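Let's take a walk through this protein together, starting from one strand and working outward. Keep the viewer open as you read.

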Amino acid sequence: DQKQRQVYFNPKYEDLYAPVAGPAHPFQMDGIAAGLKNHKQGMVEDAHMAAYIFDEQYNTFDNYGYAADPSGTRMVGNMDSLKRNDGATVYDLSRKRPRDVSLVDSGYGDSGPSSRKQEDEGEEGEPVEEEEEDDMFGTVKLNPASEIYLFNNKKSPWAGKTTVEPVGPEGLTDEQKEYIEYRKKKRAEKRGQQYNAPDEEDKGDHSFFHGKSETNYAGESWINPPKDRKKENDHTYIPKKWIHTWSGHTKGVSAIRFFPTHGHLLLSASMDCKLKIWDVHNSGKCMRTYLGHTKALRDICFSNDGRRFVSSSWDKNVKLWDTETGQCITTLSTGKTPLCVKLHPDDDKQNVLLAGCSDKKIVSWDMNTGDKTQEYDQHLGGVNTITFCDENRRFITSSDDKSIRVWEFGIPVVIKYIADPSMHSMPSIQMHPNGNWFVAQSLDNTIVTYSTRERFRVNRKKVFSGHQNAGYACQVNMSPDGRFVISGDASGKLWFWDWKTHKVFRSFQAHDQVCIGCEWHPLEQSKVATCSWDGTIKYWD
């Protein structure tokens with residue numbers, strides 16, 4: 001019954017596979033019913049064939065004009081070429097008689113032209129007449145799917161192919177060898193073992209370049225900003241989506257900084273003792289890793305041109321690095337932990353470095369000579385931030401003693417002391433782009449605003465709240481046009497406040513753990529980078 005699509009009897013094999021009988025189909029020129037067609041030329045049946053055999057027959061037909069019929073009964077194509085080549089394929093040597101599979105056939109042992117020639121000529125050197133093939137096999141021996149063909153052609157399809165040798169120590173570059181030794185040393189320290197390097201040398205400060213080339217086709221350095229990077233407009237926008245993640249650090253990221261002015265590179269400092277610089281504009285990959293600190297990184301700061309940067313660590317060292325070459329130019333230390341570092345913003349004072357230390361002092365160094373030039377000693381706790389204001393003639397510091405002090409640069413005397421019983425510690429301070437205000441992250445879950453005029457008064461009406469940052473030194477930042485205040489919090493959220501209305505503009509979940517740092521891109525006003533203790537850096541647009 002065709003309507004019910006059921007068969008009420010068991011048809012025989014002959015009936016199922018009988019040729020189509022009956023009148024031609026009215027709408028088909030070739031007379032084959034449309035229901036019996038799965039190809040425009042008719043019916044195509046599935047046939048099993050190994051990939052190697054298919055390639056062998058395909059290439060044989062392409063080169064010699066003949067191949068084995070998939071039915072396994074005959075050869076098709078140019079019969080003259082078939083007889084001339086004795087049925088040889090492109091993957092097989094021509095055999096005039098079936099031989100036993102031996103070391104000679106398989107390509108091992110004492111094989112070669114001389115041994116085969118001796119075999120054909122016999123022991124006395126006289127040629128031996130060829131044995132007549134048994135006609136009982138017919139053309140089956142030429143069919144790749146037959147047992148006889150497989151028996152006579154047991155040679156591996158990979159025989160004679162060269163394998164890729166593993167790269168030995170002599171094939172590695174100096175940087176690769178150095179990185180392998182560094183990883184062995186770190187693995188031994190993690191297991192509590194003593195590792196002795198083969199050369200018994202202290203590698204010290206070094207770096208690894210991960211890009212393809214340190215110069216482009218024009219010979220320009222990899223840190224040079226792209227020429228097509230220009231400021232789009234002066235109006236900033238809140239990012240809406242997550243567009244990229246950098247996940248090269250193995251521990252939490254403590255600070256990130258964009259390359260000055262252009263922002264085509266992003267520098268990150270992590271608790272895994274590594275500094276990494278990432279490509280933001282093109283590939284989005286890590287360009288260079290800087291190794292030298294032995295404990296978690298605390299703070300980083302670029303120079304005005306981005307050619308150098310400073311890093312501070314819990315190993316009590318401050319290091320000045322060359323961004324391009326990865327060379328550590330100098331290492332400074334007072335024996336105390338540098339909690340924050342800041343290079344002087346003036347172009348003619350790029351050799352002046354200020355570091356706030358855990359021993360309540362702010363130390364000033366001349367990076368050219370390595371000499372300590374000044375000490376500012378008035379705080380009663382570790383110094384957390386250093387921020388320049390008033391055309392870089394003064395700088396503001398905050399401390400664990402819950403106070404803010406304003407200093408005249410070069411004179412170790414406090415010109416303004418801000419302290420109140422209701423104040424909390426302020427681990428992060430950021431200047432407003434117009435220079436008349438600065439915002440401070442307070443550990444009572446608020447961001448407070450101060451004026452930079454002569455009196456440095458607090459603006460009690462401009463308080464930004466809603467986030468939870470108590471106990472965490474989450475960094476606060478401003479948009480390039482000053483319209484928005486931005487900060488992370490302890491739950492991993494990223495918060496945006498409107499500067500004029502001091503109300504929450506938007507917030508969203510950025511990380512799984514503490515969102516410790518955030519940076520607004522200097523050119524692309526809608527892009528923000530965030531870092532977290534989960535070891536990732538995320539890029540938002």
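A residue counts as buried when its relative accessible area is under 20%, as exposed when that value is over 50%, and as partly exposed in between. Keep that cut-off in mind for strand S13, which spans residues 338–343 and is mostly covered, with five of its six residues buried. Bear in mind, too, that you are looking at a predicted model.

Strand S13 has a partner. It runs antiparallel to strand S14 (residues 352–357), and five bridges join the two. If you would like one pair to display, pick Lys-342, whose bridge partner in S14 is Leu-354. In a regular strand, side chains alternate between the two faces of the sheet.

Now zoom out to the whole protein. Its secondary structure comprises seven helices and 31 strands. Of the 541 residues, 41% are buried. Among contacts with a separation of 6 or more, 45% link residues that lie 24 or more positions apart. The accessible surface adds up to about 31,600 Å², and carbon and sulfur atoms account for 49% of that area.

Which residues touch the most other members of the largest nonpolar core? They are Trp-222, Leu-267, Leu-275, Ile-277, Tyr-290 and Phe-309, out of 18 residues in that core. Four elements give two or more residues to this core: strand S6 (265–270), strand S7 (274–279), strand S8 (286–291) and strand S9 (297–302). Phe-309 is a nice residue to center on here. Leaving aside residues up to four places away in sequence, Phe-309 touches Leu-267, Leu-275 and Tyr-290, and its other contacts include Cys-301, Phe-302, Lys-319 and Trp-321. There is also a second, separate core of 15 residues, and Phe-258, Leu-266, Cys-286 and Ala-529 are among its members.

From the nonpolar cores, let's turn to charged pairs. The structure holds 15 salt bridges. One of them joins the side chains of Arg-74 and Asp-69, with an N to O distance of 3.3 Å. The two ends differ in cover: Arg-74 is partly exposed because its relative accessibility is 48%, while Asp-69 counts as buried because its value is 16%.

Further along the chain, Arg-394 forms a salt bridge with Asp-390, and their closest N and O atoms are 3.5 Å apart. Is the arginine here buried or exposed? Arg-394 has a relative accessible area of 12%, so this residue is buried. Asp-390, at 25%, is partly exposed. This pair belongs to a wider arrangement, since salt bridges that share partners join Asp-390, Arg-393, Arg-394 and Glu-408 into one network. Another salt bridge links Asp-401 with Arg-405, where the closest N and O atoms are 3.5 Å apart. Arg-405 is buried, with a relative accessibility of 7%.

Finally, come out to the surface. Tyr-13, Leu-16 and Tyr-17 form a nonpolar patch there, with about 430 Å² of accessible area together. Where does Tyr-17 sit? Tyr-17 lies in the loop between helix H1 (13–16) and helix H2 (51–64). Its relative accessible area is 61%, which means that Tyr-17 counts as exposed.

Technical notes
Residues numbered from 1 in each chain as written. Predicted model: local features only at pLDDT ≥ 70, side-chain atom pairs only at ≥ 80, totals over all residues. Heavy atoms only, no water. Salt bridge = Lys/Arg side-chain N within 4 Å of Asp/Glu carboxyl O. Buried < 20%, exposed > 50% of the residue type's maximum accessible area, 1.4 Å probe, protein only. Patch = residues over 30% accessible without salt bridge, like charges linked within 9 Å, V, L, I, M, F, W, Y side chains within 5 Å. Areas by Shrake-Rupley, 256 points an atom, 1.4 Å probe, with all protein chains shown as cover. Contact = heavy atoms within 4.5 Å. Core = buried A, V, L, I, M, F, W, Y, C linked by side-chain atoms within 4.5 Å. Pairing = 2+ DSSP bridges.
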